[in-house]
Amino acid sequence: MERNHPPAGKQSMSKKPLFITATGTGIGKTATTTALCWQLRQKGKAVTALKPVISGYTTEDETSDTALILKACGISPTPEAIAAISPWRFKAPLAPNMAGALEGREIDFHALVEFCRDQQALAAGQTIVEGVGGVHVPLNSTHTTADWMQALNWPTLLVTGSYLGAISHTLSALEVLQHRNIPVRAIIISESENSTVSPHETMATLELFVRGAAPVIMIPHMGDSARPNMGDSARPNMGDSARPHMGDSARLWTRWPPLSWICDE
Ligand SMILES: Nc1ncnc2c1ncn2[C@@H]1O[C@H](COP(=O)(O)OP(=O)(O)O)[C@@H](O)[C@H]1O
Ligand SMILES: [Mg+2]
């Protein structure tokens, strides 16, 4: 994976926050977030990962994005831990504005931005925020995820796939980010399952059209989805001591190619 080496002349990213966005939902944001958390921790670095807004969330779901992120950080996904990193939780698997409307509540956009800033100010090391869906998901009746990213202005990873249509989605998303002066740290192609399009050709074509705006990194599909089999559900705290007994939920992030250089100095 030669392409996973740091680009020449990259700037110091130590302790800088990172926002993970994507071309859409189910693309690989959580997989990338958990892999990064795991890799940073393996290097002995402190990491604070947040999933401030989650929809389609139920308390019983041991494989929610929030639970997976906590586990990758070695934290047991207790109700308190979940509430601490995901204050805005909605039941319906819908855009947050619609999911919120069903529950008669709405995200306070400024509180959301403040939450991220405050958590980053408190964090000892790297802060990573997983967004929600793609770059223009309505959060409430006035703001989308693009407004959230713009307000934070944090370095951003744009995760995409190799599915048919991904190139257009990626370039459209990139244009939105660039238009709003949101720094794009890298574009990650997480190879889509059963894609009819070559991920290598997707990468080559994206590199042509991205024109050096950000490095393009390809992550192969790692086989079985890591999400459903929670063989470790009886032992939710997956700290380093749990490694020899890890269930499938942990295997994806341990197999992910090196990405932590994105956060390195
Ligand atoms: N490169 C990959 N290899 C294997 N499985 C992947 C890969 N990327 C994503 N997945 C799986 O695809 C599903 C959707 O990914 P996820 O990270 O949850 O997307 P998002 O957070 O963008 O909604 C999950 O089951 C995840 O484990
Ligand atoms: Mg996710």
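This passage describes the surroundings of ligand 1 and the packing of two pairs of helices in a predicted model.

Around ligand 1 there are 18 residues, among which Gly-28, Lys-29, Thr-30, Ala-31 and Met-222 come nearest. When this shell is divided by class, it is found to hold 7 nonpolar, 7 polar and 4 charged residues. The element that gives the most to the shell is helix H1, spanning residues 29–42, with 3 residues.

Helix H1 also packs against helix H2, which covers residues 65–72, at an angle of about 15 degrees and with the two axes 8 Å apart. Because angles under 35 degrees count as roughly parallel, H1 and H2 are described as roughly parallel to each other. The crossing in which H1 passes H2 is right-handed. On the H1 side the contact is formed by Thr-30, Thr-33, Thr-34, Cys-37 and Trp-38, which meet Asp-65, Leu-68, Ile-69 and Ala-72 of H2. The residues of this contact of H1 with H2 comprise 5 nonpolar, 3 polar and 1 charged. Thr-30 thus appears in the contact with H2 and is also listed among the residues that come nearest to ligand 1.

A second pair consists of helix H5 (residues 109–122) and helix H6 (residues 145–152), which pack at an angle of about 45 degrees with their axes 10 Å apart. This angle makes H5 oblique to H6, and the crossing of the two helices is right-handed. In the contact itself, Phe-109, Leu-112, Val-113 and Cys-116 of H5 meet Asp-147, Trp-148, Ala-151 and Leu-152 of H6. By class, the residues of the contact between H5 and H6 divide into 7 nonpolar and 1 charged, with no polar residue.

Conventions: Residues are numbered from 1 along each chain as its sequence is written. Chains are lettered from A and ligands numbered from 1 in the order in which they are written. This is a predicted model: local features need pLDDT of at least 70, side-chain atom pairs count only at pLDDT 80 or more; totals for chains, interfaces and linings use all residues. A residue is near a molecule or strand if its C-beta atom, placed from the backbone, lies within 6 Å of it. Helices (H or I, at least four residues) and strands (E, at least two) are DSSP runs, numbered from the N terminus. Ala, Val, Leu, Ile, Met, Phe, Trp, Tyr, Cys and Pro count as nonpolar, Asp, Glu, Lys and Arg as charged, and the others, Gly among them, as polar. Axes are lines fitted to C-alpha atoms, for helices over the stretch in contact, and angles run from 0 to 180 degrees between N-to-C directions. Angles under 35 degrees count as roughly parallel, over 145 as roughly antiparallel, 65 to 115 as roughly perpendicular and the rest as oblique. A crossing is left-handed if the near helix is turned anticlockwise from the far one by less than a right angle, and right-handed if clockwise. Two residues are in contact if their C-beta atoms, placed from the backbone, lie within 7 Å.
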